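I set out to look up side-chain contacts and where they sit. These are my entries, in the order I made them.

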Amino acid sequence: MSDALKGWREEMQSAWLYARLAECEPDPRLAALFGELAEAALEQAAIWADKLPDGSVVRVFRPSARARLVAHLARVCSPRRIRPVLAAMKVRGLSAYQGAMAPSSHPGVPLKKPESFHLGGGSGMLRAAVFGVNDGLVSNTSLMMGIAGATLESGAIITAGVAGLMAGALSMAAGEYVSMRSQREMYEYQIALERAEIEAYPKEEAEELAQIYHARGMDLDAAREAARKMMEDPEHALDVLSREELGLNPDDLGSPWGAAVFSFGAFVLGALVPLLPYVAGMQGLTGLTWSAVLAAVSLFGVGAALSLFSGRSAIYGGLRMMVIGALAGSVTYGIGVWIGAGIS
C-alpha cells in the first residue's frame, strides 16, 4: 500500500470517528470541537488524495472493525468515559475534557459544576473486566493442566478446577474490597479535613484557589472573582478545592462491595472456560484437549480486547496472550508430570 493511500485511509477513518463522537457527545462545546476535527481530517484526506498516482481510483472508505467498536463504546458509555481507548486511537482534543473543569475566565459567566467521572464506569470497568477474565483464564487453566500432568482422572481435574475458581475469585474479591475500602477511607479523611478548613476560614481558602488559577495564567482579579463565586456554594467549593488542592475527585470514591462483586464475577467468567468441556461430559484426554482449545481461543479474544487500550494490532495482542497462556500451562503441566512420576 502506498504512503498516500495509507494516509488517505487514516485521515478518512479519523474523520469518521470524530463525526461519531460529535454525534454522541452531550457537551455542545466538545461536540463542536469533534465536528471541527472531523472537517480538518477530511481536508487532510483530500491532500493525501491529491498525492495518489494519476488515474488511481480512491476506494469507498469503510471504517475498520476497531473504529466501529470504539464508536459503539462511545455511544454506550459516552466519549468522556472511554478516554484511554480514544487516546489509543490517536483521537486529538481529549485535553478539552480537563479544560471543561476549569473556571471561566469571565467573572460574569456562571460557573458550572464539574461533571462526575466514576472510577468504576466506562473504560475503567471494561479494563477491569478484561483483566479479571484474563486472570481467571490463565490461573485456572494452568492449575487444571498441572493436575492433568499428574493424572488424567476427570474427577481430580474437575475438583481442582472448581476449587481454583472459587479460591481465585474469592481472593480477587477480597483484595479488591480491601483496596477500595482503604482508598475510600483515605479520600474521606482528606476531604473531611478540607471541609473543616472551608468552614473555618473560607476567605483564605478562596485566596489559595485564586492563586492556583492565577499560576495557570488566569488574570488574578478574574481568578479571585471566580473563586469567590465558588465559595458561595460550600459543596461546590469542596468539590473544586478537593480536585485542585488535593488532586482528589470526590466522585471517585467508588463502592468497595461493588468492586468486589465485579472482580468476583469477571474472574469466575474466565475460570469457567477450561471447565466447560468437563461440565459437558467430556473426560480424559478429550476433555483436556478441548479445555486447552477453549482457553487458547478465549485468551486470543482477551489479548485482542486489550489492544483497544494499547493501540497495537488486535492479532498481535491476541497471539501474544495465547503464547503467554500456553507457556504458563506448559510449565504447570510439566510440573504435574514430574510430581506424578515421583508419586507413582
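**Entry 1: a salt bridge between H8 and H9**

I began with Glu207, which is partly exposed at a relative accessible area of 29%. I use buried for under 20% relative accessible area, exposed for over 50% and partly exposed for in between, with a 1.4 Å probe and protein chains only. The model is predicted, so I took local features at pLDDT of at least 70 and side-chain atom pairs at pLDDT 80 or more, while totals for chains, interfaces and linings use all residues. I number residues from 1 along each chain as its sequence is written, and side-chain values use heavy atoms, with hydrogens and water left out.

Which residue does Glu207 meet in a salt bridge? I found Arg224, at 3.1 Å from N to O. A salt bridge here is a side-chain nitrogen of Lys or Arg within 4 Å of a carboxyl oxygen of Asp or Glu. Glu207 lies in helix H8 (residues 202-215) and Arg224 in helix H9 (residues 220-231), so this pair ties together parts 17 residues apart in sequence. Helices are DSSP runs of H or I with at least four residues, numbered from the N terminus. Arg224 is partly exposed, with a relative accessible area of 36%.

**Entry 2: other salt bridges**

I noted a count of 6 salt bridges in the structure. One of them joins Glu235 to Arg195, with the closest N and O atoms 2.9 Å apart. Glu235 is in helix H10 (residues 234-246) and Arg195 in helix H7, so the bridge ties together parts that are 40 residues apart in sequence. I looked up the exposure of both partners: Glu235 is partly exposed at 45% relative accessibility, and Arg195 is partly exposed at 35%.

I also found Arg228 and Glu232 in a salt bridge, at 3.0 Å from N to O. Glu225, Arg228 and Glu232 are joined into one network by salt bridges that share partners. Arg228 is partly exposed, its relative accessible area being 40%, whereas Glu232 is exposed at 56%.

**Entry 3: aromatic rings**

Next I turned to the rings. A pair of aromatic rings is described by the distance of the centres and the angle of the planes. Rings of Phe, Tyr and Trp (its six-membered ring) pair if their centres lie within 6.5 Å; planes under 30 degrees apart are stacked, over 60 edge-to-face, and the rest tilted. I get 2 aromatic pairs by this rule.

Tyr18 and Phe34 form a stacked pair, 6.4 Å centre to centre with 20 degrees between the planes. Tyr18 belongs to helix H1 (residues 3-24) and Phe34 to helix H2 (residues 28-50), so the pair ties together parts 16 residues apart in sequence. Are these two residues buried or exposed? Tyr18 is buried, and so is Phe34.

Tyr177 and Trp257 have ring centres 4.9 Å apart and planes at 50 degrees, so I logged the pair as tilted. Tyr177 lies in helix H7 (residues 154-200) and Trp257 in helix H11 (residues 256-272), so parts 80 residues apart in sequence are tied together. Tyr177 is partly exposed at 26% relative accessible area, and Trp257 is exposed at 60%.

**Entry 4: a charge over a ring, and Leu319**

I found Lys51 over the face of Trp48, 4.9 Å from the ring centre. The rule asks for NZ of Lys or CZ of Arg within 6 Å of the ring centre and within 35 degrees of the ring normal.

I last looked up Leu319, which is in helix H14 (residues 314-343). Leu319 is partly exposed, with a relative accessible area of 45%. Its C-alpha is 9.7 Å from that of Val297, and the two residues are 22 apart in sequence.

Note on methods
Helix = DSSP H or I, 4+ residues; strand = E, 2+ residues; numbered from the N terminus.
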